[in-house]
Amino acid sequence: MMGWCCSGICRALALLALLFPSRERGCWGLNPSSGDLEKSPHSDPDPWEALHRHKRSWVWNQFFVLEEYTGNEPLYVGKLHSDVDKGDGKVKYVLTGEGSSSIFTIDENTGDIHATKRLDREAQSYYTLAAQAVDRITNIPVEPRSEFVVKVQDINDNEPKFLDGPYLAGVPEMSPLGTMVVQVAATDADDPTYGNSARVIYSIVHGQPYFSVEPKTGVIRTALPNMDRETRDQYVLVIQAKDMVGQMGGLSGTTSVTVTLTDVNDNPPHFTHKNYQYTVLESLPVQSVVARIKAADADIGSNAEMDYRLMDGDGPGMFNITTDENTQDGVVILLKPLDFETKSSYSLRIEATNRNIDSDFLSSGPFSDTTSVKVTVEDVNEPPVFSTPLSKMVVSEDAKSGTSIGRVSAHDPDNSNNGIRYSIDRNTDLERFFNVDALSGVISTAKPLDREANMVHNLTILAIESQDPVQIGKGIALITVLDINDNAPVFAIDYETLLCENARTGQVIQTISAVDRDEPLSGHRFYFALAAPVAGNPNFTLRDNKDNTASILTKRSGFRRREQPVYRLPVLIVDSGSPTLSSTNTLSVRVCDCDSDGVALSCGAVAYTATGLSTGALVAILGCIITLLG
Ligand SMILES: *[C@@H]1O[C@H](CO)[C@@H](O)[C@H](O)[C@H]1NC(C)=O
Ligand SMILES: *[C@@H]1O[C@H](CO)[C@@H](O)[C@H](O)[C@H]1NC(C)=O
Ligand SMILES: *[C@@H]1O[C@H](CO)[C@@H](O)[C@H](O)[C@H]1NC(C)=O
């Protein structure tokens with residue numbers, strides 16, 4: 001039988017010797033060297049305590065070796081012994097398995113096992129080896145192969161580490177004492193199941209008296225009530241984790257925890273001034289900014305958002321106030337035009353209120369503040385203003401030069417009330433049809449007008465301050481020229497009237513109409529007649545259709561172009577104006593040779609075709625005669 005001895009197991013050996021006092025258990029009877037006992041780091045005085053702490057079941061064939069041994073000599077692990085070995089050198093001990101050649105050595109004579117290298121439990125916590133006792137000469141095993149384990153015993157060689165650090169955390173300002181901020185955690189690579197090497201205790205190195213840490217859990221809590229962000233908004237804590245339950249000699253690691261106090265709305269808005277003064281020009285355009293005021297608020301973000309309100313003021317509807325969302329300023333806007341001459345200053349009361357109020361802090365006072373804003377209006381020299389910006393006037397087309405048409409009127413809105421001179425912007429009256437009296441503003445005609453050329457005149461009238469001629473007001477005079485009957489009606493077009501030789505008596509050969517450039521209000525009404533010299537002629541007659549057209553009819557048949565190729569009919573057209581105007585227009589009627597459908601084949605004079613030869617043929621014949629003569 002092979003027996004095992006080791007240093008690490010000795011205290012267990014002592015115990016087991018008590019429980020099972022069997023002499024057969026290999027080297028138990030063989031006393032482990034007293035030196036081994038002294039080397040053990042676990043010289044725990046009470047073996048019972050050791051048993052209770054290590055609930056694992058004991059494995060007999062295992063050795064214990066301390067990690068991180070730093071001595072110069074190989075570290076004694078234990079002794080292997082076979083009963084067959086009588087100490088006469090016939091038995092040889094052989095080691096195989098994990099690290100059997102690189103780490104562990106066995107004295108082939110004595111069975112002493114040593115570790116030749118430093119071991120690290122955190123890298124490898126046990127080695128499985130096999131041992132055999134063989135006959136030195138024959139190499140035949142004298143015992144069956146037997147496995148055993150070398151366990152690497154932990155020492156506290158790893159400090160706790162905060163793997164998630166450094167930490168960032170936030171807690172609302174004004175939190176009650178003991179409010180949890182964040183939980184930190186350190187890990188220790190040492191054996192958590194053995195000893196205290198991995199048992200960590202937390203403490204706060206930096207950050208008192210504001211914060212505390214729970215020693216066992218690493219929970220960080222506020223340690224002061226009502227910490228004020230507006231006083232200080234950030235704390236950098238240093239938290240330490242120490243193993244060996246925080247006792248002397250333990251290893252420690254630290255981390256930082258940056259705690260930011262988050263804002264709560266615990267500060268009301270506050271106007272830094274009780275009065276604000278602003279001066280604006282009366283010419284300030286509507287929708288312009290009149291004033292920008294700011295209610296200060298020590299809070300930030302949504303807790304500093306502001307609503308402004310015009311509480312009252314002596315210019316209702318003149319101003320409005322809105323919030324500039326970027327700056328939370330109150331922006332006073334002009335809603336209606338200012339007029340220095342009417343009102344030269346305004347007093348407004350403005351209230352600023354926090355938009356988001358935290359009910360926990362209502363006792364900190366009303367979350368609003370008021371202030372006064374005085375707006376002073378400054379006079380601006382304004383140009384003259386027309387009493388009516390657009391004056392409509394009418395004038396008869398036949399008005400004589402110098403006829404007064406109407407009057408424009410402008411005044412200086414300034415208190416100085418300067419005198420005004422009127423003139424016409426000549427670009428709007430290039431042909432100078434009109435004049436304006438510089439002092440009275442009376443507009444009159446300067447020359448005859450023609451409605452048919454210009455029905456409406458759009459004049460720009462300038463009103464210029466006599467004392468300050470750069471101050472110019474503008475008004476418009478829209479002058480409509482009223483029609484008079486000064487145009488006679490005429491044929492609407494140049495008619496070309498053809499009359500077939502085969503036309504019958506009473507046939508309509510032309511329908512005529514008329515135009516007149518005048519535009520009587522009730523519309524045109526034209527009267528048609530053949531002019532007096534031909535009124536009763538035997539050839540043609542005219543029928544007034546009473547719809548501003550007239551028809552020309554034949555009065556006989558048998559017209560012959562050889563007899564008379566063209567007839568000229570003077571037609572009288574009279575309008576309905578007062579007085580009436582008329583004109584005589586000549587209608588030419590050409591007599592034509594027509595086919596049976598009344599389509600004209602040839603019209604008017606017949607002179608050349610009388611020979612039956614065309615002019616071209618005649619020229620050709622003439623040419624032949626000349627050639628023959630030559
Ligand atoms: C005044 O300003 C507020 C906020 O911008 C707006 O809702 C309101 O319509 C404005 N009032 C007038 C009369 O412009
Ligand atoms: C008259 O002229 C002004 C510009 O000179 C123009 O704005 C206005 O529309 C005009 N009025 C008419 C009826 O043509
Ligand atoms: C009517 O016709 C005849 C014959 O062609 C002519 O002599 C006479 O002058 C015509 N009268 C008028 C008014 O055209």
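Which residues are around ligand 2? In this predicted model, the neighbours turn out to be N458, T460, I476 and L478. Sorted by class, that shell comes to 2 nonpolar and 2 polar residues, with no charged ones. Two strands do the supplying here: strand 32 (456-465) and strand 33 (472-482) each put at least two residues into the shell around ligand 2. The side chain of N458 deserves a second look, as one of its N or O atoms sits 2.3 Å from an oxygen atom of ligand 2. As for cover, ligand 2 on its own would expose 360 Å², and the protein buries 33% of that area.

Ligand 1 comes next. Its surroundings are made up of N320, T322 and L335. An asparagine side chain turns up here too: an N or O atom of N320 lies 2.4 Å from an oxygen atom of ligand 1. Taken alone, ligand 1 exposes 360 Å², of which 31% is buried by the protein.

What is the strand order in the open sheet of 3 strands? Reading across, the order is 18-22-21, and the pairing is antiparallel. Strand 18 (289-293) and strand 21 (319-324) are the edge strands, each with a pairing partner on one side only. From one strand to the next, the twist averages 25°. Zooming in on one of these pairings, strand 21 runs antiparallel to strand 22 (residues 329-334), and the two are joined over 6 bridges. For anyone wanting to check the register by eye, T323 stands opposite G330 in strand 22. This part of the model also ties back to ligand 1: strand 21 covers 319-324, and N320 and T322 are among the residues that surround the ligand.

That leaves the disulfides. How many does a search of the whole structure find? The count is 2. One pairing is C500 with C594, where the sulfur atoms are 2.0 Å apart. This link joins distant parts of the chain, with C500 in strand 35 (residues 497-500) and C594 in strand 41 (residues 582-594), 94 residues apart. As for its handedness, the angle about the S-S bond is -85°, and the link of C500 and C594 is left-handed.

Key. Residues numbered from 1 in each chain as written. Chains lettered and ligands numbered in written order. Predicted model: local features only at pLDDT ≥ 70, side-chain atom pairs only at ≥ 80, totals over all residues. Heavy atoms only, no water. Pairing = 2+ DSSP bridges. Helix = DSSP H or I, 4+ residues; strand = E, 2+ residues; numbered from the N terminus. Axes fitted to C-alpha atoms, helices over the stretch in contact; angles between N-to-C directions. Near = heavy atom within 4 Å. Polar contact = N/O pair within 3.5 Å; in protein donor to acceptor, adjacent residues only side chain to side chain. Areas by Shrake-Rupley, 256 points an atom, 1.4 Å probe, with all protein chains shown as cover. Nonpolar A, V, L, I, M, F, W, Y, C, P; charged D, E, K, R; others polar. Disulfide = S-S within 2.5 Å.
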